[in-house]
Amino acid sequence: MTVTAIQLDRARQAAPQVYERMREQIIALALAPGTVLARNELMAQFGVSQTPIRDALLRLAEEGLVDIFPQHATVVSPIDLAAARQAHFLRRSVELEVVRTLARREDRSFVPRLYTLIARQRALVDAQDFEAFAETDQSLHRQLCEAAEVSGLWALIRSRSGHLDRLRRLHLPVPGKAQSILDDHARILDAIAAGDADAAQETLRRHLSGTLAQVDEIRAKFPDYVRG
């Protein structure tokens, strides 16, 4: 693992920051499945003692993103398809209700803000900036949950979606995939703005299933990354 110094906010607790930074790197595949995480290198990278590193790794292990082998090594885990499918089930169940709720709500003051985010995504598709695109994708779905006043459920989804999110990152660079996501986002928001709950749910259901529908192709291309 290449060690690059990461500056933390010294006014905040170190362990949550280490966890967030490492989680971001794992989800973005900067720390790919199979990467060995040496604690001494992590301590040097983050400029912290062993305790914050240990606590961060334990949280990542709880999410199934790393495998800890006591007295041996800590390794970034493979993408677990069973866990990805469970996360998809959870996310679909919550977000179908979210878009239905928003489409039936009279107050749609949140809609212009989300159209602005979609415009940002369009620019990122043109620039082929998949990392930033993935971040705005998460932001859009989070803001839908916030608009429906169920932000706590988005936190639950996020904590369970590490394997699914990594699978989506592998799929995102496929030609046309990012554009397809963008088009779905626009259709979902158009349906919400028009008060058409059925159309919003139908598009969302298809939108969330795209990556799992291609899982055999993804697994064939990245056999060392995917388990199950």
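A polar contact, as I shall use the term, is a pair of N or O atoms within 3.5 Å; within protein, one must be able to donate a hydrogen and the other to accept it. Under that rule, 3 residue pairs are in polar contact across the interface of domain 1 and domain 2, both residues being at pLDDT 80 or more. I should state at once that this is a predicted model.

Let me place the two parts. The domain assignment of the protein gives domain 1 as residues 14-76 and domain 2 as residues 81-221. Taken over C-alpha atoms, their centres are separated by 27 Å.

I turn now to the interface itself. On the side of domain 1, 12 residues are in contact with domain 2, which contributes 8 residues. Between them the two domains bury about 910 Å², and carbon and sulfur atoms give 53% of that area. Which three residues supply 50% of the area that domain 1 buries against domain 2? They are Arg23, Ile27 and Leu29, and no other three residues supply more.

Next, the charged groups. The count between the domains is 1 salt bridge. In the model, glutamate 20 forms a salt bridge with arginine 158, and their closest N and O atoms lie 3.0 Å apart.

Which element gives the most to the side of domain 1 that touches domain 2? That element is helix H1, residues 14-27, with 5 residues. By class, this side of domain 1 has 8 nonpolar residues, 1 polar residue and 3 charged residues.

Notes
Residues are numbered from 1 along each chain as its sequence is written. This is a predicted model: local features need pLDDT of at least 70, side-chain atom pairs count only at pLDDT 80 or more; totals for chains, interfaces and linings use all residues. Side-chain values use heavy atoms; hydrogens and water are left out. Domain bounds come from an automatic or database domain assignment. Contact means heavy atoms within 4.5 Å. Buried area is the accessible area (1.4 Å probe) that two parts lose on being put together, summed over both. A salt bridge is a side-chain nitrogen of Lys or Arg within 4 Å of a carboxyl oxygen of Asp or Glu. A polar contact is a pair of N or O atoms within 3.5 Å; within protein, one must be able to donate a hydrogen and the other to accept it, and residues adjacent in sequence count only if both atoms are side-chain atoms. Helices (H or I, at least four residues) and strands (E, at least two) are DSSP runs, numbered from the N terminus. Ala, Val, Leu, Ile, Met, Phe, Trp, Tyr, Cys and Pro count as nonpolar, Asp, Glu, Lys and Arg as charged, and the others, Gly among them, as polar.
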